[in-house]
Amino acid sequence: MTKEIQHAGTVENIENGKVFVQIIQTTACASCSAKGMCSSAESKEKIIEVNCPSDNYQIGDRVWVTGTVSMGMQAVLWAFVFPFFLVVISLFALTSWINNELIAALIALGTLVPYYIWLWFNQSFMKNKFSFTIKPIN
């Protein structure tokens, strides 16, 4: 199993030591020959921000954007697993204190708001934790 994930991309912009690379993220079925008859095939354009010396790249260069598999697993933890456990644990705690299950469920869902606000305020920490590298395509 490979420890890196690579996407081919194009340098879109360069500013302040940051290179912005456009990648096209496709689902596994986007490359299927029957995708024209299927509604689940999709692709999205994404811009990835990479910290690197900008004198090595120019706008329009084709590059590989590389990240590690562990970064992907950590992203899944922060985006899905931690919020799930936050809601479940708060729901069980609140149902033991509040007799109304609907109110307990709404408050448990409401615990996601401060969690995602906390993530928003810690963007710089997340950007350092999830840093990508780029290499030119030969």
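From the N terminus on, the elements of the protein chain run β-β-β-β-α-α-α-α-β. That comes to 4 helices and 5 strands in this predicted model. The 5 strands form an open sheet, helix 1 packs on that sheet, and salt bridges join Lys-18, Glu-49 and Lys-127 into one network.

**Chain as a whole**

- The protein chain has 138 residues, and 23% of them count as buried.
- Its accessible surface comes to about 9900 Å². Carbon and sulfur atoms hold 63% of that area.
- Among contacts in the protein chain with a separation of 6 or more, 69% are between residues 24 or more positions apart.

**Sheet**

- The strand order in the open sheet is 3-2-1-4-5, and the pairing is antiparallel.
- Strand 3 (43-51) and strand 5 (133-136) are the edge strands, each pairing on one side only.
- On average, neighbouring strands of this sheet are turned by 40° against each other, direction ignored.
- Strand 5 comes at the end of the element order, after the four helices, and is joined to strand 4 (residues 62-68) by 4 bridges. The two strands run antiparallel.
- Within this pair, Val-65 stands opposite Ile-134 in strand 5.
- Helix 1 touches strand 1 (4-15) and strand 4 where it packs on the sheet. The direction of helix 1 makes about 65° with that of strand 4.

**Ser-90 in helix 1**

- Helix 1 covers residues 69-97 and includes Ser-90.
- Ser-90 has a relative accessibility of 14% and therefore counts as buried, the cut-off being under 20%.
- The side chain of Ser-90 reaches two backbone oxygens: that of Leu-86 at 2.8 Å and that of Val-87 at 3.0 Å.
- Leaving aside residues up to four places away in sequence, Ser-90 touches Ala-108 and Thr-111.

**Salt bridges**

- The count of salt bridges comes to 2.
- One of them is between the side chains of Glu-49 and Lys-18, at 3.3 Å from N to O. This pair links distant parts of the chain, with Glu-49 in strand 3 and Lys-18 in strand 2 (residues 18-26), 31 residues apart.
- Another is between the side chains of Lys-127 and Glu-49, at 3.8 Å from N to O. Here too the pair links distant parts of the chain: Lys-127 lies in helix 4 (residues 123-129) and Glu-49 in strand 3, 78 residues apart.
- Glu-49 is a partner in the bridge with Lys-18 and in the bridge with Lys-127. Shared partners join Lys-18, Glu-49 and Lys-127 into one network.

**Exposure of the network residues**

- Glu-49 has a relative accessibility of 28%, so this residue counts as partly exposed.
- Lys-18 is partly exposed as well, because its relative accessible area is 29%.
- Lys-127 has a relative accessible area of 46% and is therefore also partly exposed; a residue counts as exposed over 50%.

Definitions and conventions
Residues are numbered from 1 along each chain as its sequence is written. This is a predicted model: local features need pLDDT of at least 70, side-chain atom pairs count only at pLDDT 80 or more; totals for chains, interfaces and linings use all residues. Side-chain values use heavy atoms; hydrogens and water are left out. Buried means under 20% relative accessible area, exposed over 50%, partly exposed in between (1.4 Å probe, protein chains only). A polar contact is a pair of N or O atoms within 3.5 Å; within protein, one must be able to donate a hydrogen and the other to accept it, and residues adjacent in sequence count only if both atoms are side-chain atoms. Contact means heavy atoms within 4.5 Å. Accessible areas come from the Shrake-Rupley method with a 1.4 Å probe; for residues, only the protein chains shown count as cover. Two strands pair if DSSP finds at least two bridges between them. Axes are lines fitted to C-alpha atoms, for helices over the stretch in contact, and angles run from 0 to 180 degrees between N-to-C directions. A salt bridge is a side-chain nitrogen of Lys or Arg within 4 Å of a carboxyl oxygen of Asp or Glu.
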